[in-house]
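Biologist: I'm new to this one, so could you take me through it and tell me how you back up each term you use?

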Amino acid sequence: MRQAFALLIAMAAMAGIHLPAVAAVPSGFALTLAPAVVVVPPEQHTVEFLLINQGTQDQTIGVNTVAGWETPLEARFSLPAGSRHVTTVELAMPAKHDAGDHTILVDFSALPPDDGSTIKVVRTVEARIIVATGAHVINDLRIFGLSAPLIADSWDAPALNLIVDNSRSNVHRVVQVGLFGQVLLERGQRRTLSLAWTPHPFVGVGTITVGSESASTVFVPWKLLLLVLLLVLVLLLIRLARRRSGR
Amino acid sequence: MKTIRMLLAALFATGALAIGATSALAGTQATVMSFSIPVTITYTGLAATYNGGTQAAGSTFAFPDQGPQTLSTNGTLGAHITVVAAAANFVGVTPANTIPIANDTISVVACPSGATCSSFPLMVSGQTLLNTTVAGTWSFSSHQSLVVPAAQLPDSYSLTINFVANAN
């Protein structure tokens, strides 16, 4: 009895930080949302979203919105494994609002069980509704700041950067920006696009042009040249050492 | 030349007759089937809960890696995953016992090709863990490590984290 008590005391003294159970539980979670991005005119008052549970576990989906223009008709709904569900969000434009676009975010979240785990994960697929109210539209997209390194190794893929700035506009733009591909810029958004430049000329000057911007990089296999130089140096040293030992 | 002309005329007449006969016999009616495919996003593989086991104060430990997770979109602009902590601290059963979320760093185990990944301490304002710029499917696992302060009081701590998948 005394030994058991001592053991309990020792265990209590050694007790550290307890973060319950160890193994991660596989979720069978697979949630699909469509549309994930939708542009609607101001006269449209409802948007329907399709949620598909392609996982093996039943889910309870909570619907959350941030701005005040939208009201989900369901705050939460059950989405059994393998099922699909269409839910509606109502839009009510205030009488007074700014011209141009207004973005509304709608979150569809698979809610975690309250099982006392250390980390509870809310798994969310988010939809973006862009209400294009029109009126006095300001469209002032700027593309600038294309940059590339002056010199790069022939086997490297140097980083290209470009700034796309829609901060002066009040509407979204979807633009094709050369090698960088298609870009969506929301109202007031400014982004730096990055790209690994490949394929590029193996040796010589490579020039990239995006709109009126251009940047050049000199491609040289300098790592290979350095290796060859080192080999030559080593061979020379060996030759020198042999000559000396021959004397 | 004359033979070829006659042959062509015969073929043309046969074709016209055949079309006419088919229409008359079947009484066909054109049915237009249409549907639209909007920008779609799918997020899979992330567990609803995970645990850190029993850890000593003053230690740094890793949670079990979470994955493989997949992020898919047909949107030509790609998609991203944002991680948002629901509170500023891990909270114990005794609410006064807390560990700041800044002690918990999240990253991607091996950033998939074509994506850009970040590593950062958890924040309530949210940060982008993984970003892609084209349509496709990306598979990855997330990794989290937590620094437990040396003076941390014994308790059972927990935190809710929101992983948000969003089309670009």
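Biologist: What makes β17(A) and strand β18 of chain A, residues 213–220, a pair?

Modeller: This is a predicted model, and in it seven bridges join β17(A) to β18, with the strands running antiparallel. Pairing takes at least two bridges, so the seven bridges here qualify these two as a pair. You can spot A:Gly206 opposite A:Thr217 in β18(A), and A:Val205 opposite A:Val218.

Biologist: And which residue takes a positive phi in the hairpin of β17(A) and β18(A)?

Modeller: That's A:Gly211, with phi near 60°. The hairpin has two residues between its strands.

Biologist: Which sheet do these strands belong to, and in what order do they come?

Modeller: An open sheet of three strands, in the order β12-β18-β17 of chain A, with mixed pairing. From one strand to the next, the twist averages 35°.

Biologist: Why are β12 and β17 of chain A called edge strands?

Modeller: Look at their neighbours: β12 (151–153) and β17 each pair on one side only, so they count as the edges.

Biologist: What about the sheet β11-β13-β16 of chain A: how is it paired?

Modeller: That one is an open sheet of three strands too, and the pairing is antiparallel. Its edge strands are β11 (142–147) and β16 (190–196), each pairing on one side only. The twist there averages 20° from one strand to the next.

Biologist: How do you know that β11(A) pairs with β13, residues 159–165 of chain A?

Modeller: Count the bridges: there are four, in the antiparallel sense. The bar is at least two, so four bridges make β11(A) and β13 a pair. In that pairing, A:Arg142 stands opposite A:Asp165 in β13(A).

Biologist: Now the two chains. How many residues does each one bring to the contact?

Modeller: Chain A brings 39 residues and chain B brings 47. About 3700 Å² is buried between them, and carbon and sulfur atoms give 55% of that.

Biologist: What holds for salt bridges and polar contacts between chain A and chain B?

Modeller: The salt bridge count is zero. A salt bridge needs a side-chain nitrogen of Lys or Arg within 4 Å of a carboxyl oxygen of Asp or Glu, so no such pair was counted between the chains. Polar contacts are another matter: 25 residue pairs are counted, both residues at pLDDT 80 or more. Among the elements on the chain A side are β2 (30–34) and β10 (119–132). The most comes from β10(A), with nine residues. That side divides into 25 nonpolar, nine polar and five charged residues.

Biologist: Why can β10(A) and β2 of chain B, residues 49–50, be called paired?

Modeller: They share two bridges in the antiparallel sense, and at least two are needed, so the pair just qualifies. In β2(B), B:Thr49 is the bridge partner of A:Lys120.

Biologist: Before we stop, where are the cis peptide bonds you'd point out?

Modeller: One joins A:Ala34 and A:Pro35, with omega about -5°, and A:Pro35 is in the loop between β2 and β3 (37–40) of chain A. Another runs from A:Thr198 to A:Pro199, with omega near -5°. A:Pro199 lies in the loop between β16 and β17 (204–210).

Biologist: And what is there to say about phi of A:Ala135?

Modeller: Phi of A:Ala135 is near 60°, a positive value in a residue other than glycine. You'll find A:Ala135 in the loop between β10 and β11 of chain A.

Notes: Residues are numbered from 1 along each chain as its sequence is written. Chains are lettered from A and ligands numbered from 1 in the order in which they are written. This is a predicted model: local features need pLDDT of at least 70, side-chain atom pairs count only at pLDDT 80 or more; totals for chains, interfaces and linings use all residues. Side-chain values use heavy atoms; hydrogens and water are left out. Axes are lines fitted to C-alpha atoms, for helices over the stretch in contact, and angles run from 0 to 180 degrees between N-to-C directions. Contact means heavy atoms within 4.5 Å. Buried area is the accessible area (1.4 Å probe) that two parts lose on being put together, summed over both. A polar contact is a pair of N or O atoms within 3.5 Å; within protein, one must be able to donate a hydrogen and the other to accept it, and residues adjacent in sequence count only if both atoms are side-chain atoms. Ala, Val, Leu, Ile, Met, Phe, Trp, Tyr, Cys and Pro count as nonpolar, Asp, Glu, Lys and Arg as charged, and the others, Gly among them, as polar.
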